[in-house]
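The following paragraphs offer a guided reading of a protein model, moving from a single residue pair to sheets, helices and cores. Please keep the structure in view while reading.

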Amino acid sequence: MAATPSSDSDSGRTESNEANSKWLDAHYDPMANIHTFSSCLALADLHGDGEYKLVVGDLGPGGQQPRLKVLKGPTVLTESPLTALPASAATFLMEQHEPRTPALALASGPCVYVYKNLRPYFKFSLPQLPPNPLEQDLWNQAKEDRIDPLTLKEMLEGIREKAEVPLSVQSLRFLQLELSEMEAFVNQHKSKVIKRQTVITTMTTLKKNLADEDAVSCLVLGTENKELLVLDPEAFTILTKMSLPSVPVFLEVSGQFDVEFRLTAACRNGSVYILRRDSKHPKYCIELSAQPVGLVRVHKTLVVGSTQESLHGFTHKGKKLWTVQMPAAILTMNLLEQRSRGLQAVMAALANGEVRIYRDKALLNVIHAPDAVTSLCFGRYGREDNTLIMTTRGGGLIIKILKRTAVFVEGTGEMGPPLAQTTKLNVPRKTRLYVDQTLREREAGTAMHRTFQTDLYLLRLRAARAYVQALESSLSPMSTTSREPLKLHAVVPMLVPGLSYPLETFVESLSSKGISDMIKVLVLREGQSAPLLSAHINMPVSEGLAAA
């Protein structure tokens, strides 16, 4: 009987949380056995019937074979094996003919497999690369039995360490063999032609000539050979090729291929490169302080997640805008786009089981998952426009639907700037005094100027009155004509370092007709009449007074 109130309170708390949440829990299957990344998830109307399906490039963990899965709702419609691990999945329109059903492209190894109506349609293979000439020469010698397998292994290891051109797959497999297996491998493969094949690391789509949602798109591939390839959507020929300083792992595009476009690639060297249509090499470079774990374009802002548990915002020219610190490591990122409200935000799945949604620095929403989320996908699924699909580290599948009445408001969660920014700095006293004085001058500048002008006018007035009084009472010797000499005395008390008594400096100006001004300088000890030092200098009176 005692357990009934607690269970009722728990159910009531759950119902209140669901009522306050912006999401509806549509499906959760912890045993779905789906292991993939965000780049290998895609939503598309594959049959043109208005029912959007989920395409999954499953990695097949635990020694299982990688597979291509297509889900409708919570059930798996079809499965097909893959020859290599999937790198990315994307849907795109190849042509304008009716019916306008999108094609599915799956990048795996050195190939792109294109499906239409879930049937194999085309297979594109990356062009082969020229082999290392030293490696080719070694296998020719092995073919003629001029070197033994042990010598071949030693020389191939030396090439792998020093050569700029990497070895072929055949040589790399040979280096992994035991000594007893080498001879049989050499006899089997020495007659084969050496081939060096690169693989695809990332893939996305780029609109061909229109920005419409149902416009024809090109495939953009990033390869292990540090290149970006743009493919024609109909003939699957290479339209353009661009070079990068490092291997691309994340891609973002904007614009149209025939008009103007930008390609943004996050690479393994910890840098993000931005390329334009007319450039074969990067135009801008963003150097990160850590490795990137995700790249999302939100309107004109590039959001990059790093291994330092932080999100960074950059302009399309590489200028840093903001940084937001995360409470845990970022596992994956993706874009949330709510077309009905014109909202674009970035979703970041963290290692602590949270999925955080940000618009710039503002935290909009936090979703708590039962396990760490490893892949995210948001879009139309089935007939629901705003569906969030998540897969967990343990292979679970979570499907949530955004409520039609849900509105994301900034400030519902923690704000972007970290708490460290609110800590006051220990400003030195002189700096603080200077800042306070600057603020005072800025606030009371007019009053200070008026006070200064008033004091200046009073000074001039007092000087004029004293001059008039001196003329009227003849208190000071005055020279009314240029022929009469004028004698001035200027007394400047001074203290010379090393002396225990002050000194007085007298400057006499002796002026007479027909000769230049002569300055007589006398240095006396205070209280004495005999000078310690005297000198006569020919210079104007004004300069003599200034020198004193």
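In this predicted model, His312 stands opposite Thr323 in strand 21. The pair belongs to a longer register: strand 20 (residues 310-314) and strand 21 are joined in the antiparallel sense over five bridges. Both strands are part of an open sheet of four strands, ordered 18-19-20-21, with antiparallel pairing. Strand 18 (292-298) and strand 21 (320-325) form the edges; each has a single partner strand, so one side of each is left without a neighbour in the sheet. On average, neighbouring strands of this sheet are turned by 20° against each other, direction ignored.

The helical packing may be considered next. Two packed helices are described by the angle between their axes and the distance between the axes. For helix 2 (residues 133-143) and helix 3 (residues 149-162), the axes come within 10 Å and cross at roughly 175°. Because angles over 145 degrees count as roughly antiparallel, helix 2 and helix 3 are roughly antiparallel to each other. Leu134, Glu135, Leu138, Trp139 and Ala142 of helix 2 meet Leu152, Met155, Leu156 and Ile159 of helix 3. By class, this contact has eight nonpolar, no polar and one charged residues.

Attention now turns to the nonpolar cores. The largest has 20 residues, of which Trp23, Ile357, Leu376 and Leu388 touch the most other members. Strands 23, 24, 25, 26, 27 and 28 each supply at least two residues of this core, and strand 23 gives the most, with four residues. Beyond its neighbours in sequence, Trp23 touches residues including Leu336, Ile357, Phe378, Leu388 and Phe408. Apart from this core lies another, of 18 residues, among them Ala103, Leu126, Leu231 and Phe236.

How values were computed
Residues are numbered from 1 along each chain as its sequence is written. This is a predicted model: local features need pLDDT of at least 70, side-chain atom pairs count only at pLDDT 80 or more; totals for chains, interfaces and linings use all residues. Side-chain values use heavy atoms; hydrogens and water are left out. A nonpolar core is a set of buried Ala, Val, Leu, Ile, Met, Phe, Trp, Tyr and Cys residues joined through side-chain atoms within 4.5 Å. Buried means under 20% relative accessible area, exposed over 50%, partly exposed in between (1.4 Å probe, protein chains only). Contact means heavy atoms within 4.5 Å. Axes are lines fitted to C-alpha atoms, for helices over the stretch in contact, and angles run from 0 to 180 degrees between N-to-C directions. Angles under 35 degrees count as roughly parallel, over 145 as roughly antiparallel, 65 to 115 as roughly perpendicular and the rest as oblique. Ala, Val, Leu, Ile, Met, Phe, Trp, Tyr, Cys and Pro count as nonpolar, Asp, Glu, Lys and Arg as charged, and the others, Gly among them, as polar. Two strands pair if DSSP finds at least two bridges between them. Lists of a residue's contacts leave out its neighbours within four places in sequence.
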